[in-house]
Amino acid sequence: MSIAGQVIRCKAAVAWEAGKPLSVEEIEVAPPQKNEVRVKIHFTSLCHTDVYFWEAKGQNPLFPRILGHEAEGVVESVGEGVIDVQPGDHVLPIFTGECKECPHCLSEASNMCDLLRINTERGGMLHDGHTRFSKDGKPIYHFLGTSTFSEYTVVHVGQVAKINPEAPLDKVCVLSCGMSTGFGATVNVAKPKKGGSVAIFGLGAVGLAAAEGARVCEASRIIGIDLNPNRFEEAKKFGCTEFVNPKDHNKPVQEVIAEMTGGGVDCSIECTGSTQAMVSAFECVHDGWGVAVLVGVPSRDDSFKTHPIHFLNERTLRGTFFGNYKPRSDIPGVVEKYMKKELELDKFITHSVPLLDINKAFEYMLRGEGLRCMIRMDA
Ligand code: NAD
Ligand code: ZN
């Protein structure tokens, strides 16, 4: 029997307060409104961005909220005006959208859609500002327009990428954020040349996806930098050829890298969220041609300092959300890359828990253990 148009009662992991364990409970999910789709989530995984907004130490707190933005699901019903997807379609909800009409969407260079670009502060839906989630009538806020830690969620149609229904749900899930972000930061933004050298700051899933991108671009040296030495063994599987732990040196890591490479790397990708690492990532690229790309999400009040001479010496600093991919236009093709075995995803998924144990996924990430933890919604 169809449940379209009706309120659905289902399980969700609700963050009631900053830093307190999520609580898995029954909530209500309203039907999708104009230009919205309601999606049944099968698998979702935890990205560090969820953890920052849950901790809310350096970010504006907004609670109660349903976090989660890396996921895979099937469209259950669609609201008025939705023609691009229909019930039964397999989709990846994406934290930054694509309206396909604004100057950014029409530009080849940008994925910063005017209407649907990442917005970490918004707790309601674009259409009417209201939330589609509630618990006994009390509203629960959305996160990044995706809120995938719920069996059902409501997403703007511009924030879903329709993908090949044959793609395994529990694998391509990680393309909805982390893997596309890291991989795209390398192949779309840093663009290392064959034989070049690449430094990757932060060897979590995003950083290792950036390393995977460097491997595909046939970089000859891929230098992994992390404060957690446990990351180094794993990173070998992702093509990292050398490792540096900033804690092992009594000088800035950018100087260590410059010495290792005869003046600096051709490009670097920062995937930590630490401003210290951002400065190092910029200053460790070679003068004359080096390109540094920032990916890590900073805290609200962050700023960083570097001497302007580094720019004058012809270094380039860039930044990117979602690896510069346009979610609806580009992601179906990235899924096809995985289907054709041109891109490996399975090795990013190191843990798996049922929704009831979602707090374990947070513990793994806070301990720096493993890469992605898959959360099974129906288990
Ligand atoms: P993660 O926690 O799994 O990995 C981060 C790694 O960085 C850890 O191994 C940690 O030890 C290391 N690290 C922290 N500070 C460091 C420092 N100063 N020097 C060297 N290494 C350091 O996180 P993740 O899920 O891989 O996400 C990485 C970053 O990317 C986060 O900041 C996340 O919010 C951000 N992110 C950005 C986008 C985007 O579109 N720009 C998308 C997804 C995630
Ligand atoms: Zn993410």
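W54, F149 and F362 form one aromatic cluster. The model is predicted. Work through the exercises below with the structure open.

**Exercise 1. Aromatic pairs**

Find how many aromatic pairs a search of the whole structure gives. Then classify the pair F282 and F311 by its planes.

Solution.
- Step 1. The search of the whole structure finds eight aromatic pairs.
- Step 2. In the pair F282 and F311, the ring centres are 4.6 Å apart and the planes make an angle of 35°.
- Step 3. Stacked needs under 30 degrees, and edge-to-face needs over 60. The F282 and F311 pair is therefore tilted, at 35°.
- Step 4. Now place the residues. F282 sits in helix α8 (residues 275–283) and F311 in helix α9 (residues 309–312). They are 29 residues apart, so the pair links distant parts of the chain.

**Exercise 2. Buried or partly exposed?**

Decide for F282 and for F311 whether each is buried or partly exposed.

Solution.
- Step 1. Buried means under 20% relative accessible area.
- Step 2. F282 has 0%, so F282 is buried.
- Step 3. F311 has 40% relative accessibility, so F311 counts as partly exposed.

**Exercise 3. The zinc site**

Name the residues that coordinate the zinc ion (ligand 2). Then explain what the pair H69 and C177 ties together.

Solution.
- Step 1. The donors are C47 (SG), H69 (NE2) and C177 (SG), at 2.0 to 2.3 Å from the zinc ion.
- Step 2. H69 lies in the loop between α1 (48–55) and β4 (70–78). C177 lies in the loop between α3 (169–172) and α4.
- Step 3. The pair therefore ties together parts that are 108 residues apart in sequence.
- Step 4. Write the donor spacing in sequence: C-x21-H-x107-C.
- Step 5. Check the cover. H69 and C177 are both buried.

**Exercise 4. Helix α4**

Test whether the span of α4 agrees with its 13 residues. Then find where α4 bends and how many of its residues are buried.

Solution.
- Step 1. Helix α4 covers residues 178–190. The expected span is 1.5 Å times one less than the number of residues.
- Step 2. For α4 that gives 18 Å. The end C-alpha atoms are 17 Å apart, which agrees.
- Step 3. The bend is at G184, by about 35°.
- Step 4. Of the 13 residues, 11 are buried, so α4 is mostly covered. G184 is among the buried ones, including also F183 and A185.
- Step 5. Just after α4, K191 takes a positive phi of about 50°.

**Exercise 5. A charge over a ring**

Find which residue lies over the face of F238.

Solution. K347 does, at 4.7 Å from the ring centre.

Technical notes: Residues are numbered from 1 along each chain as its sequence is written. Chains are lettered from A and ligands numbered from 1 in the order in which they are written. This is a predicted model: local features need pLDDT of at least 70, side-chain atom pairs count only at pLDDT 80 or more; totals for chains, interfaces and linings use all residues. Side-chain values use heavy atoms; hydrogens and water are left out. Helices (H or I, at least four residues) and strands (E, at least two) are DSSP runs, numbered from the N terminus. The bend at a residue is the angle between axes fitted to the seven residues ending there and the seven starting there. Buried means under 20% relative accessible area, exposed over 50%, partly exposed in between (1.4 Å probe, protein chains only). Donors are N, O and S atoms within 2.8 Å of the metal (3.2 Å for Na, K and Ca); water is not among the atoms, so sites may look incomplete. Rings of Phe, Tyr and Trp (its six-membered ring) pair if their centres lie within 6.5 Å; planes under 30 degrees apart count as stacked, over 60 as edge-to-face and the rest as tilted. A charge sits over a ring if NZ of Lys or CZ of Arg is within 6 Å of the ring centre and within 35 degrees of the ring normal.
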